[in-house]
Amino acid sequence: MKASQDISICVEAVFAKIYKQYSEVLRNFIYYKFGDLENAEDITQNAFIKLWESCQKIPVEKAKSFLFTTANNMTLNTLKHQKVVLKYASTMTKTHTDENPEYKLLENEFRDKLESAIASLSEKQREVFLLNRIEKMKYAEIALLLNISVKAVEKRMHAALFLMRDKIGKV
Amino acid sequence: MKTEKIHNSQETYLAKWLEGELSDTELQKLVSKEDFLLFVKIKDTFEKVEKPSFNTTKNYQKITDRLHKSSPRVVPFIPNWVYSVAAMLVLAFGVFRFYKASLAVETSYGETKEIALNEGTKIYLNNKSTISYPKYQSQRNVTLNGEAFFHVTKKGAFVVSTPLGVIQVLGTQFNVMATDKLFEVICYEGKVRVIYNDVEKILLPSDAWRVIEGKTPQSWTTKETTSGWITGETTFRTMPVKYVLSALEKQYHITIRAKAIDKNRLFTGSFPNDNLQKALRSVCLPLQIDYDQPDTNTILLHKK
């Protein structure tokens, strides 16, 4: 019995499973690449609708690449890159502010610079860097997701950090 | 010190350092102190960054509304104008016939039915159950609510959709008990794939699997070669008593009233499907309960 070929995306439980598995990472991927969280969410939903409409033509194992390609193409035409706003863990910032009020100011300044630095990266660098740093994905996982080599992921990470240093260091 | 031109594009040592493959000391040998401190600060800052929040359940609910509006389609082979012409013809001749795309079979109390699909698959439907299947059986996809035994021919994928989960098979024999609260699959031959929420379970012959009221799924193996009810006996394995009583009701078209009885006690055993008195004794004796029959359709259960 060939495993995955028997499953159809047209079965709603299968579709739901794919949704649970990929919707969040897809939304974040689009967000990291182009900014604009709300738009990333809409595009994610639309990509899943497209998947549902084409469910008879797409085998389950191709669902992931279909989703990422579709979402990416939708974005390419409509979105201009906006800043990725970093969300910081509230508990951690709080302890610092309590201890030292001046610290917060410096911290905020640095974070602004960091966000600008992220915005100045190329799409390819930014998606890889944020998938690794925020989404906590391993280089190998990112390579698989983007269909590039691990070496390419490492080069982009390296370049991204270097560029961010330039950008932050200058100010 | 600022590094003049960014870097050699083949370099990856910062990537290695971020993933911990290169130590701080090793990095300090490669970059200036100032740069090193900045890299560390960037890295540390990201440790405090959280993923943007995402509510999978809520978003999925939003999408399901839209899904049902846009049901799966095949690429049309017929040009669109054909539909317009056909629609005009229908209007012109006033032919309004309703074509049903699927057929449904339903069983009543104590009734079983045998359904033979064109492609050779046989379905035995137990009492108080409903099954629907496509009229044109190119898609082998049926929907079940209740209990059925399947003998599926080897002609590609066969899918059983139920309220709680989905079962996918090639050629095989298996039994499904599927209501809103109970989902049980027993495989007798071949290989069965059960999909329930996030869980995907492969059953081999003799494997049984079930989930009751959303609790942790249970697995066991059976010694039977076919479902008991096929041969005239309803069997249970550590089943909460309420489902046993409900099975009695469905088989004999009776109403069972049980007040001071613990309906979650577990019952293992069987009852015959052709004799109510014997059936009642088979259930009540091991559970140490008494029963009365004030009228033909009512059974009262009480403690001994």
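Here are three short exercises on this predicted model, each with a worked solution.

**Exercise 1.** Find how the axes of helix α1 and helix α2 of chain A run relative to each other.

*Solution.* Start with the two helices: α1 spans residues 12-34 of chain A, and α2 spans residues 37-53 of chain A. Their axes come within 9 Å and cross at roughly 150°. Angles over 145 degrees count as roughly antiparallel, so α1(A) is roughly antiparallel to α2(A). As for handedness, the crossing of α1(A) and α2(A) is right-handed.

**Exercise 2.** Work out which residues of α1(A) and α2(A) meet, and of what kinds they are.

*Solution.* Look first along α1(A), where the contacting residues include Phe15(A), Ile18(A), Tyr22(A) and Leu26(A). Now turn to α2(A), whose side of the contact includes Leu37(A), Thr44(A), Phe48(A) and Trp52(A). Sorted by kind, the residues of this contact are 13 nonpolar, three polar and three charged.

**Exercise 3.** Identify the residues that touch the most other members of the largest nonpolar core, then follow the contacts of Phe48(A).

*Solution.* The largest nonpolar core has 75 residues, and Phe48(A) and Phe46(B) touch the most other members. Helix α1(A) gives this core its largest share, 13 residues. Next, set aside the neighbours of Phe48(A) within four places in sequence: among its remaining contacts are Phe15(A), Tyr19(A) and Leu67(A), as well as Ile63(B) from chain B. Finally, a second, separate core has 28 residues, including Leu125(B), Leu144(B), Ala148(B) and Val185(B). As a background for both cores, nonpolar side chains tend to be buried together in soluble globular proteins.

Note on methods. Residues numbered from 1 in each chain as written. Chains lettered and ligands numbered in written order. Predicted model: local features only at pLDDT ≥ 70, side-chain atom pairs only at ≥ 80, totals over all residues. Heavy atoms only, no water. Axes fitted to C-alpha atoms, helices over the stretch in contact; angles between N-to-C directions. Helix = DSSP H or I, 4+ residues; strand = E, 2+ residues; numbered from the N terminus. Parallel < 35°, antiparallel > 145°, perpendicular 65-115°, else oblique. Left-handed = near helix turned anticlockwise from the far one by under 90°. Contact = heavy atoms within 4.5 Å. Nonpolar A, V, L, I, M, F, W, Y, C, P; charged D, E, K, R; others polar. Core = buried A, V, L, I, M, F, W, Y, C linked by side-chain atoms within 4.5 Å. Buried < 20%, exposed > 50% of the residue type's maximum accessible area, 1.4 Å probe, protein only.
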